Amino acid sequence: MVFWIIIPITLFSVSFFGSWTVYALALRNGHVCSLQNWEYRNSCQTNDSERCCTNNHIPTISCSGTTAPENSLFSATVNAGAFLFLVFCIFHHAHILGRNSNHSLLSKFALVFGCVASCGAFVAGNCNPVDLWLLHYLGAAISFVCLCFYCVLLTSLTNRCVLTGLERYLYPVRIISSSIQISVTILYCIFFAQEDYFFRHISAIFEWTLSVNVEVFELSFVVEFFFFSSSMIHTLLDKRDEEKQLILS
């Protein structure tokens with residue numbers, strides 16, 4: 001049914017427009033510097049005529065949602081995105097069970113990584129990096145790493161499962177997207193650990209690249225969800241009932 005494409009579209013819209021709105025608000029309020037800015041100072045004077053950028057103003061996704069009033073929108077966006085992503089993972093798993101149950105084990109692994117990534121994002125979104133920096137960065141790290149595995153597994157399922165008949169077009173696109181996700185995640189971690197402002201700014205650009213890349217990756221599943229049917233949800237529920245009966249017996 002065409003109705004089900006609303007899941008990936010809504011997930012993309014909430015994540016993409018929500019995160020960039022948070023950045024725009026933080027930029028307007030002077031809480032972060034522009035992604036185009038490459039000049040940083042060790043400190044700022046009160047009489048500076050131009051906006052001064054320090055290590056506290058590097059425009060990462062986390063820093064954009066640190067200070068009021070944009071921190072409320074940041075938490076709301078991440079919470080909504082994490083929930084929608086969890087729904088996305090479950091429904092995609094149901095689609096695999098309904099059409100290609102012989103690949104259910106691989107789909108279950110993907111579902112686990114997707115759920116953990118969703119939980120990590122939820123923790124990062126609700127733990128302010130100023131007050132609860134350890135939990136925030138731990139949740140973000142878990143989310144980014146699990147998203148890499150999730151993208152790889154879904155790309156593999158695209159090659160193995162015939163869900164739409166358009167897999168020969170979707171598969172190479174998702175290979176490119178997964179490769180970008182993995183390589184940029186590694187580079188992001190390397191540059192984020194540096195103390196120099198220049199490298200930290202590069203890490204911020206990499207972080208936004210990761211965000212946009214995974215959002216476009218999710219949006220590509222509009223094709224699969226176009227062929228989704230509500231009967232596949234019943235397949236998922238029936239599988240759970242069978243597992244319960246096996247456990248009880």
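Is Glu224 buried or exposed? At 2% relative accessibility, Glu224 falls on the buried side of the 20% cut-off. That is a handy way into this structure, which is a predicted model, and the partner of Glu224 comes up again below.

First, the overall picture. The protein chain folds into nine helices and has zero strands, so the string of elements from the N terminus reads simply α-α-α-α-α-α-α-α-α. Of the 249 residues in the chain, 45% are buried. Contacts tend to reach far along the sequence: taking those between residues at least 6 apart, 74% link residues at least 24 apart. The exposed surface comes to about 12,900 Å², and 66% of that is supplied by carbon and sulfur atoms.

Next, the annotated spans. An unreviewed UniProt entry carries the annotation "transmembrane region" for residues 73–93, 105–125, 137–157 and 169–193. In the model, residues 73–93 are 100% helix and 0% strand, with 30 Å between the end C-alpha atoms. Residues 137–157 likewise come out as 100% helix and 0% strand, and their end C-alpha atoms also sit 30 Å apart.

Helix H5 (residues 133–160) is home to Val145. With a relative accessible area of 42%, Val145 is partly exposed, because that value lies between the 20% and 50% cut-offs. Val145 and Val116 are separated by 29 residues in sequence, yet their C-alpha atoms are 9.8 Å apart in space.

Now for the packing. The largest nonpolar core holds 28 residues, and the members touching the most others are Phe85, Phe88, Tyr150, Leu154 and Phe225. Two or more residues apiece come from helix H1 (6–28), helix H3 (70–99), helix H4 (104–126), H5 and helix H7 (197–219). There is also a second, separate core of 12 residues, with Tyr23, Leu35, Val78 and Ala82 among them.

Back to Glu224 and its charge. Side chains of opposite charge can pair when their charged atoms come close. A search of the whole structure turns up one salt bridge, in which the side chains of Arg174 and Glu224 meet at 2.6 Å, N to O. Arg174 belongs to helix H6 (residues 167–192) and Glu224 to helix H8 (residues 222–226), so the pair ties together parts that lie 50 residues apart in sequence. Arg174 has a relative accessibility of 1% and therefore counts as buried, and Glu224, at 2%, counts as buried too.

How values were computed. Residues are numbered from 1 along each chain as its sequence is written. This is a predicted model: local features need pLDDT of at least 70, side-chain atom pairs count only at pLDDT 80 or more; totals for chains, interfaces and linings use all residues. Side-chain values use heavy atoms; hydrogens and water are left out. UniProt positions are given in the numbering used here, feature names are shortened, and annotations may be inferred rather than shown by experiment. Helices (H or I, at least four residues) and strands (E, at least two) are DSSP runs, numbered from the N terminus. Buried means under 20% relative accessible area, exposed over 50%, partly exposed in between (1.4 Å probe, protein chains only). A nonpolar core is a set of buried Ala, Val, Leu, Ile, Met, Phe, Trp, Tyr and Cys residues joined through side-chain atoms within 4.5 Å. A salt bridge is a side-chain nitrogen of Lys or Arg within 4 Å of a carboxyl oxygen of Asp or Glu. Contact means heavy atoms within 4.5 Å. Accessible areas come from the Shrake-Rupley method with a 1.4 Å probe; for residues, only the protein chains shown count as cover.
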